[in-house]
Amino acid sequence: MTPIDTTRSTEMTTDVAEPAGSGTAPRARHTAMATELPPARGQSFLTLVRIELRKSVDTRSGRVLLLGILALALAGLVWRLTHLENEPVSFARFAEVSLVGVRMLLPVIGIMAMTSEWTQRTALTTFTLSPRRARVQLAKFLAAILLSVLVLSAVMVLTLGFTALGGLIDGSSPAYGSAEDGFWSGLAGIYLANALNVVMGAAFGAILAQTAIAVVVYFVAPTLWSLAAPEVFGDRADWLDVFGAFGRIAERSFDGKLPESLTAVAVWIVIPTIVGFWIGNRREAK
Amino acid sequence: MITVENLTKRYGRTVAVSDVSFTCEPGTVTGFLGPNGAGKSTTLRMLTGLTPPTSGTSTIAGRRYADLPNPGRVVGVMLDAAAQHPGRTGRETVRLSAALLGVPGTRADEMLARVGLADAAKRRVGQYSLGMRQRLGIATALLGDPAVLILDEPANGMDPEGIRWMRGLLQDFASRGGTVVLSSHLLGEVQATVDQLVVIGRGRIVASGPLDELLAGSGTLVRGLDPSGLNEALTAAGLPLEPLLDGGFRVDAGAEQVGRAAAAAGQVLLELRESDGAGLEELFFKLTAAEEQAA
């Protein structure tokens with residue numbers, strides 16, 4: 001018997017111990033270990049997502065990014081609280097400032113989720129331990145969205161707290177929803193726009209693979225487009241203006257521009273995601 | 001058990017690896033030897049599913065790498081010790097892999113202790129020397145108690161003590177039925193560790209077999225005061241020879257024959273000995289020299 005037999009216990013979902021009479025050599029190794037290893041199984045998708053989440057918070061750069069987003073939100077909220085300017089206190093006014101940093105930096109979570117392994121070359125280890133890359137990439141997308149939702153939720157809780165605080169200082173009862181939009185549907189718009197933003201970042205990251213390049217392209221390309229396109233295409237530029245689409249989605253008022261918004265999302269988010277997956281699956285890890 | 005059959009990799013018109021075949025048996029340590037740029041890393045990346053081959057196949061423990069459900073439990077791989085996130089601690093690096101392999105975190109700590117990094121485990125990898133990163137990579141490779149180890153240039157950046165430690169570890173691993181392949185661009189670095197050799201140059205296998213057979217070489221090394229005179233004398237005596245780069249010759253004949261031929265022509269000898277693997281070293285030297293000229 002040769003060590004070949006160890007593979008039998010690595011069958012996906014098989015948690016039976018090695019078949020009787022299988023390799024004596026590997027067993028000899030087992031006796032030399034202090035920790036008895038559990039039988040080998042395939043990697044569940046949940047495990048992959050959990051590991052990707054962990055990877056985005058266990059490095060200094062990851063933590064700095066998350067704390068930076070929270071700090072920016074906090075700074076905005078404090079500024080607003082000290083500059084109420086006699087206007088009515090509302091959740092919308094506080095969210096307006098707390099979301100500035102979030103909108104800018106949350107997509108970077110998505111970008112870094114896809115680029116960090118290539119920039120730091122840990123892809124070499126990750127993809128030798130998990131050769132089915134499509135699953136790993138999907139886990140990265142999902143982990144980035146989950147993490148952004150967590151951070152966004154923390155910012156929303158802070159914003160709620162500051163709104164209430166503003167009401168106390170002001171002596172008024174703050175408005176949480178706007179006239180045309182209730183509180184919850186407003187919140188849903190914020191979360192949806194955020195998720196799209198993060199997926200767009202992740203897609204750019206997956207295609208470009210280097211953090212610095214992906215960040216620059218992510219911020220510059222759509223902005224350049226939204227500045228230049230109206231000059232060239234006039235009204236038709238809306239069909240590819242993704243930030244305009246984000247705004248309409250966040251406010252959930254499409255003004256009859258639903259096809260334009262969906263087209264912009266398809267071009268800037270759906271297609272880059274598909275291309276990113278395709279490239280990421282084939283990119284050579286060196 | 002590793003089986004590589006006719007692996008070829010082309011990048012555009014450049015052929016990085018050409019028709020490479022070899023096998024590594026359980027219980028052996030195979031040295032995959034060749035100068036930088038010879039195609040070692042490309043071959044190992046194809047073997048571990050990171051680079052799709054242009055043609056050819058490879059299997060580990062009888063299966064294609066991509067078909068192993070949890071490869072780390074069958075094969076321990078370290079392709080580049082430098083490719084680790086500098087912002088993570090050594091401990092976190094190994095524990096992440098442990099989570100992926102489905103082995104307990106305590107196993108990660110044991111492996112860190114085994115490679116001598118227990119005291120450095122809480123430091124960030126960015127502060128590690130290359131030798132320490134090699135140890136960290138080996139800790140990760142050993143995590144899943146694999147039957148096969150694939151290590152690319154593991155001796156790089158290691159001090160002599162580290163190389164000796166690794167030699168013990170790998171020979172122990174093989175003696176318990178494991179299969180090891182490690183690459184190197186220095187014969188001397190791995191000569192005492194490996195028992196099989198696969199030598200690659202310019203993408204092709206140029207020699208392979210048991211170390212002692214390859215090192216046994218054939219013939220005699222001779223160096224004289226007057227190289228051209230010695231060359232004439234030996235050629236006149238009908239002894240086939242090959243000039244070496246240090247001015248000596250490798251002669252396909254016994255030491256006595258060579259000595260007599262030289263004495264008959266009145267040539268003064270400075271060195272006369274059995275070739276003792278000099279053939280391999282010479283081959284290796286030529287590969288490297290050719291590579292440097294090409295560069």
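**Close-up views of a predicted two-chain model**

**View 1. Chain A as a set of helices.** Of the 286 residues that make up chain A in this predicted model, 48% count as buried. Chain A has 10 helices and zero strands, and its pattern, read along the sequence, is therefore α-α-α-α-α-α-α-α-α-α, following the way in which helices and strands are assigned as DSSP runs. When contacts between residues at least 6 apart in the sequence of chain A are considered, 72% of them join residues that are at least 24 apart. The area that chain A exposes is about 13800 Å², and carbon and sulfur atoms supply 68% of it.

**View 2. A nonpolar patch on the surface of chain A.** Val267(A), Val270(A), Ile271(A), Ile274(A) and Val275(A) form a nonpolar patch on the surface, and together they have about 390 Å² of accessible area. Val267(A), one of the residues in this patch, has its place in helix α10 of chain A, which covers residues 258–282. Because its relative accessible area is 33%, Val267(A) is described as partly exposed.

**View 3. The nonpolar cores.** In soluble globular proteins, nonpolar side chains tend to be buried together. The largest nonpolar core has 93 residues, and those that touch the most other members are Ile2(B), Ile60(B), Ile138(B) and Ile150(B). Helix α5 of chain B, residues 160–175, gives the most to this core, with seven residues. Apart from this core lies another one of 22 residues, among them Leu65(A), Ala144(A), Ile190(A) and Val198(A). If residues up to four places away in sequence are not counted, Ile138(B) touches Met78(B), Val115(B), Met158(B), Trp165(B), Met166(B) and Leu169(B).

**View 4. The surroundings of Val94(B).** Val94(B) is found in helix α2 of chain B, which covers residues 90–101. With a relative accessible area of 0%, Val94(B) is buried, because a residue counts as buried when this value is under 20%. Leaving aside residues up to four places away in sequence, Val94(B) touches Ala108(B), Leu112(B), Leu136(B), Thr140(B) and Leu143(B). For Val94(B) and Leu112(B), the separation is 18 residues in sequence and 8.0 Å in space, taken from C-alpha to C-alpha.

**View 5. Strand β7 of chain B and its partners.** Six of the six residues of strand β7 of chain B, residues 179–184, are buried, and so this strand is largely enclosed by the rest of the structure. In a regular strand the side chains alternate between the two faces of the sheet. Both faces of β7(B) are covered, since Thr179(B), Val181(B) and Ser183(B) on one side are all buried, as are Val180(B), Leu182(B) and Ser184(B) on the other. Strand β3 of chain B, residues 29–33, pairs with β7(B) in the parallel sense over five bridges, and here Leu33(B) has Ser184(B) as its bridge partner. Strand β6 of chain B, residues 148–151, also runs parallel to β7(B) and is joined to it by four bridges, with Thr179(B) as the bridge partner of Val148(B).

**View 6. Strand β1 of chain B and its antiparallel neighbours.** Strand β1 of chain B, residues 2–11, and strand β2 of chain B, residues 14–24, pair in the antiparallel sense over seven bridges, and the bridge partner of Thr3(B) in β2(B) is Thr23(B). β1(B) and β2(B) form a hairpin with two residues between them, and Gly12(B) in the turn has a positive phi of about 60°. Five bridges also join β1(B) to strand β4 of chain B, residues 55–60, and these two strands run antiparallel. In β4(B), Ser55(B) is the bridge partner of Thr8(B).

Notes: Residues numbered from 1 in each chain as written. Chains lettered and ligands numbered in written order. Predicted model: local features only at pLDDT ≥ 70, side-chain atom pairs only at ≥ 80, totals over all residues. Heavy atoms only, no water. Buried < 20%, exposed > 50% of the residue type's maximum accessible area, 1.4 Å probe, protein only. Contact = heavy atoms within 4.5 Å. Core = buried A, V, L, I, M, F, W, Y, C linked by side-chain atoms within 4.5 Å. Patch = residues over 30% accessible without salt bridge, like charges linked within 9 Å, V, L, I, M, F, W, Y side chains within 5 Å. Areas by Shrake-Rupley, 256 points an atom, 1.4 Å probe, with all protein chains shown as cover. Salt bridge = Lys/Arg side-chain N within 4 Å of Asp/Glu carboxyl O. Pairing = 2+ DSSP bridges.
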